[in-house]
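Biologist: I am new to this structure. Please show me how to read its features.

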Amino acid sequence: MRLSRYFLPVLKESPREATIISHQYMLRAGMIKQSSAGIYSWLPLGFKVLKRIEQIVHEEQARAGHIAIQMPTIQSADLWRESGRYEAYGDELLRIKDRNDHDMLFTPTAEELVTDIFRSHVSSYKSLPLTLYQIQWKFRDERRPRFGVMRGREFYMKDGYNFDLTKEDALHAYNRHLVSYLRTYERMGLQAIPMRADSGPIGGDDTHEFLVLADTGESEVFYDSAVTDLSFGDREIDYDNVAQCAGVMEEFTTKYARTDETHDEALFAEVPENRRRTARGIEVGQIFYFGTKYSDAMGATVQGPDGKSTPVHMGSHGIGVSRLLGAIIEASHDDKGIIWPEGVTPFHVGIVNLKQGDEEADAACQSLYDQIEGLGLEVLYDDRDERAGAKFGTMDLIGLPWRITVGPRGLKNGVVELTSRKTGESEELAPEAAIAKITEIYAAHGIGK
Ligand code: 5CA
C-alpha cells in the first residue's frame with residue numbers, strides 16, 4: 001500500500017478523552033473513531049489489526065478441532081426467557097422491540113442460541129464431542145464504557161461452546177481450550193496468564209480468566225511470580241490427547257494466580273514471600289465449565305450409549321478480540337508509539353523514501369516494494385512528499401516492526417537501512433540482504449510465502 005493513497009488519519013495531539021496509552025495511540029494512529037460512548041468505527045489500520053487477530057483465533061480454533069459458525073446479533077427474547085436470563089442479565093442487556101412488538105435483544109453472549117441449535121439437530125451421543133464457535137459483535141450496555149476498545153459497549157468477541165456426554169469429557173474440552181488459548185495469545189506476542197476467577201452471569205463453578213499484566217488493567221490480580229516464567233513455546237499438542245491437555249493445564253494453573261474475586265489471603269501466604277506479587281491485569285479471555293445449567297433449562301439432551309436420554313455437559317469460552325488490540329498496545333509500546341509484534345502487525349514492513357521524486361530512490365523503493373509483496377508480506381510505502389522527520393514520526397507511531405529507509409546517499413554505496421522498531425537499531429544492508437533478513441524473521445512466525 002502506498003501511503004499517499006491510503007486512509008491513515010493520524011492525529012498530532014492526544015485527544016483529551018483518552019486516559020490510557022493504548023486508547024491514545026489507537027486514536028492518534030487513526031485506527032478507530034468513536035461514534036458514541038463505547039461504540040467505534042474501525043478505520044483501515046485498526047481494521048487490519050482486528051482481522052489479523054481474528055485470523056489467528058480462527059487458525060488456532062481449527063487446530064483444536066472446533067467448528068466455526070455465525071449466529072445473529074439480534075435474538076428473540078423467548079430463548080432467553082427459557083434459560084431465565086432475560087430478566088437476570090440486568091441492565092447490561094440491550095432490549096429491543098421489533099415492529100410487531102416482539103421482545104428482541106442484541107446478543108451479549110450466545111449460550112441460549114447455540115443450545116437451541118444443538119437441541120434442534122443433535123440427538124445422539126454419537127455426534128459428540130462437539131464444539132461450535134463464532135467471532136461476532138456483541139453488545140453489553142456497560143455502566144462505564146472506557147479506555148477505548150478495552151471496555152466497549154459494542155465489542156468483537158470469539159465465543160465458543162462445547163457439548164459433551166459426560167462431565168469428564170467436558171473437562172477435557174475445558175483443558176483443551178486452555179491449551180489452545182495459551183497458544184493463541186503467544187502467537188500475538190502476549191503472555192496471558194490463566195487465573196482462577198468468578199463466573200458472573202455466565203454461571204458454573206470452574207472458570208479461568210486469561211490476564212495480560214499491565215498497570216492500566218482493570219482487574220487486581222495476585223500471583224506467584226513463577227507463573228510468569230512459563231511459556232507455551234512451540235510444543236506439539238495433540239488436542240484429542242486427554243492426558244497431554246490435562247498436563248499442560250496443570251502446569252499452567254497449579255501455582256497461585258487469582259483475580260481479586262477469588263483471592264484467598266491464607267492460600268496466598270503459602271507462596272514464598274519473595275515470589276508473591278500483586279499487580280493489575282487486562283482480561284483477554286475466559287473459559288467456563290457450567291455442566292448442565294443450560295441443557296437442563298432448555299432440554300438439550302442426547303441419547304446415551306445405554307439408550308437413556310441425558311442432558312449434555314457444556315462450557316463456554318470467550319476471547320476479547322477487539323479488546324486484544326488495546327491489551328497488545330499496553331504491553332508493547334514506547335513513548336513514540338506502538339510496537340506491533342510480528343504476528344499481528346497491520347503491515348509487515350514500512351518503506352521510507354527520503355527523497356521522493358529522486359529517480360533512483362523512487363525506483364529502488366518500488367523495486368523493494370514489489371519484491372517484498374511478492375514474498376507474501378504486506379508493505380506500507382511512505383511515498384509522500386514530506387520531510388524525513390515526519391515520515392519517521394508516522395512510522396514510529398503506527399509501530400510497524402521493520403522499516404527500510406531508502407535515500408540517494410545510501411544507494412550510491414549500494415545500501416538501504418533496516419531498522420527494528422523494537423530496539424531502534426539500524427543496519428546498512430544491500431537491498432537483497434534486507435529482504436532476506438525480513439523474510440527470515442517473518443518465516444519464523446509462519447508468515448509469508
Ligand atoms: N459466554 C462467555 C464465554 S464466550 C462470555 O461471554 N465470557 S466473557 O463475559 O468473559 O467475555 C469474553 C471476553 O470478552 C472477556 O474475557 C473479555 O476479554 C471480552 N469482553 C467482555 N466484555 C467486554 C467489553 N465490554 N469490551 C471489550 N471486551 C469485552
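Biologist: How many aromatic pairs does the structure hold?

Modeller: A pair of aromatic rings is described by the distance of the centres and the angle of the planes. Rings of Phe, Tyr and Trp (its six-membered ring) pair if their centres lie within 6.5 Å; planes under 30 degrees apart count as stacked, over 60 as edge-to-face and the rest as tilted. The structure holds 13 such pairs. One of them joins Trp42 and Trp137, a tilted pair with 6.4 Å from centre to centre and 50° between the planes. Trp42 is in strand β2 (residues 39-42) and Trp137 in strand β7 (residues 130-139), so the pair links parts of the chain 95 residues apart; strands are DSSP runs of E, at least two residues, numbered from the N terminus.

Biologist: What are the values based on?

Modeller: This is a predicted model: local features need pLDDT of at least 70, side-chain atom pairs count only at pLDDT 80 or more, and totals for chains, interfaces and linings use all residues. Residues are numbered from 1 along each chain as its sequence is written, and side-chain values use heavy atoms, with hydrogens and water left out.

Biologist: Which polar contacts does the ligand have?

Modeller: A polar contact is a pair of N or O atoms within 3.5 Å. Polar side-chain atoms of Arg140 and Gln286 lie 2.8 Å and 3.0 Å from an oxygen atom of the ligand. For Gly152, a backbone N or O atom lies 2.8 Å from a ligand nitrogen atom.

Conventions
Polar contact = N/O pair within 3.5 Å; in protein donor to acceptor, adjacent residues only side chain to side chain. Helix = DSSP H or I, 4+ residues; strand = E, 2+ residues; numbered from the N terminus.
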